[in-house]
Amino acid sequence: MAAVVKYAADYFKQNNAFDTDSKYACTGDQIFFRNESGLSHTGLVVDWDDRGIYTVEGNTNGGK
């Protein structure tokens, strides 16, 4: 899993593995979140059910 959203998304797109049509994510998938500016955050899918998708995510502050 890559932490930098742009690089990770570009990798999946270049390898025909960037799926925007799936109704469900699978455990182990890298998921991307979008805001008004575009892709803005990423996480790792750990589970999903009828209520939602559950992820593990992290952030950096000052490169740490």
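Which element gives the largest share of the lining of the largest pocket? In this predicted model, the answer is β1, with four residues.

**The pocket**

Let us stay with that pocket for a moment. Rolling a probe the size of a water molecule over the atoms shows where empty space is left. The largest pocket holds about 470 Å³ of space. Its lining is made up of 18 residues, and those closest to the centre are Asp19, Thr20, Ser22, Gln30 and Ile31. Two elements, β1 and β2 (38-49), each give two or more residues to this lining. By residue type, the lining splits into 11 nonpolar, three polar and four charged residues.

**Thr42 and His41 on strand β2**

Two residues of strand β2 are worth a visit, starting with Thr42 and moving on to His41. Thr42 has a relative accessible area of 6%, so it counts as buried, the limit being under 20%. Its side chain makes a polar contact of 2.8 Å with the side chain of Gln30, one of the residues closest to the centre of the largest pocket. A polar atom of the Thr42 side chain also lies 2.9 Å from the backbone oxygen of Ile31, which is likewise listed among the residues closest to that centre.

His41 is buried as well, with a relative accessible area of 18%. The side chain of His41 reaches the side chain of Glu57 in a polar contact of 2.6 Å. Setting aside neighbours within four places in sequence, His41 touches Val5, Ile31, Phe32, Phe33, Glu57, Gly58 and Asn59.

**Asp29, just before β1**

Asp29 sits in the loop between α1 (5-14) and β1 (30-35). With a relative accessible area of 32%, Asp29 is partly exposed. A polar atom of its side chain lies 2.9 Å from the backbone nitrogen of Cys26. Beyond its neighbours within four places in sequence, Asp29 is in contact with Gly43, Leu44 and Val45. The C-alpha atoms of Asp29 and Leu44 are 5.9 Å apart, although 15 residues separate the two along the chain.

The side-chain polar links described so far can be set side by side:

| Side chain | Partner | Distance |
|---|---|---|
| Asp29 | Cys26, backbone nitrogen | 2.9 Å |
| Thr42 | Gln30, side chain | 2.8 Å |
| Thr42 | Ile31, backbone oxygen | 2.9 Å |
| His41 | Glu57, side chain | 2.6 Å |

**The aromatic rings**

How many aromatic pairs are there? The count comes to three. One of them joins Tyr11 and Phe12 edge-to-face, with 5.7 Å from centre to centre and 75° between the planes. Another brings together Phe18 and Phe32 in a tilted arrangement, at 5.5 Å centre to centre and 45° between the planes. Why does the second of these pairs tie together parts that are 14 residues apart in sequence? Phe18 belongs to the loop between α1 and β1, whereas Phe32 is in strand β1, so their pairing bridges that separation.

Ring pairs link Tyr11, Phe12, Phe18 and Phe32 into a cluster. Are its phenylalanines buried or partly exposed? Phe12 is partly exposed, with a relative accessible area of 21%, and Phe18 is partly exposed too, at 24%. Phe32 has a relative accessible area of 17%, which places it under the 20% limit and therefore among the buried residues. Phe32 also appears in the contact list of His41, which brings us back to strand β2.

How values were computed:
Residues numbered from 1 in each chain as written. Predicted model: local features only at pLDDT ≥ 70, side-chain atom pairs only at ≥ 80, totals over all residues. Heavy atoms only, no water. Buried < 20%, exposed > 50% of the residue type's maximum accessible area, 1.4 Å probe, protein only. Contact = heavy atoms within 4.5 Å. Polar contact = N/O pair within 3.5 Å; in protein donor to acceptor, adjacent residues only side chain to side chain. 1 Å grid on protein atoms, 1.4 Å probe; cavity = no way out; pocket = protein on both sides within 12 Å on 5 of 7 lines; lining within 4 Å. Points joined across faces, edges and corners; volume = space filled by probe spheres on them. Nonpolar A, V, L, I, M, F, W, Y, C, P; charged D, E, K, R; others polar. Phe/Tyr/Trp six-rings, centres within 6.5 Å; stacked < 30°, edge-to-face > 60°.
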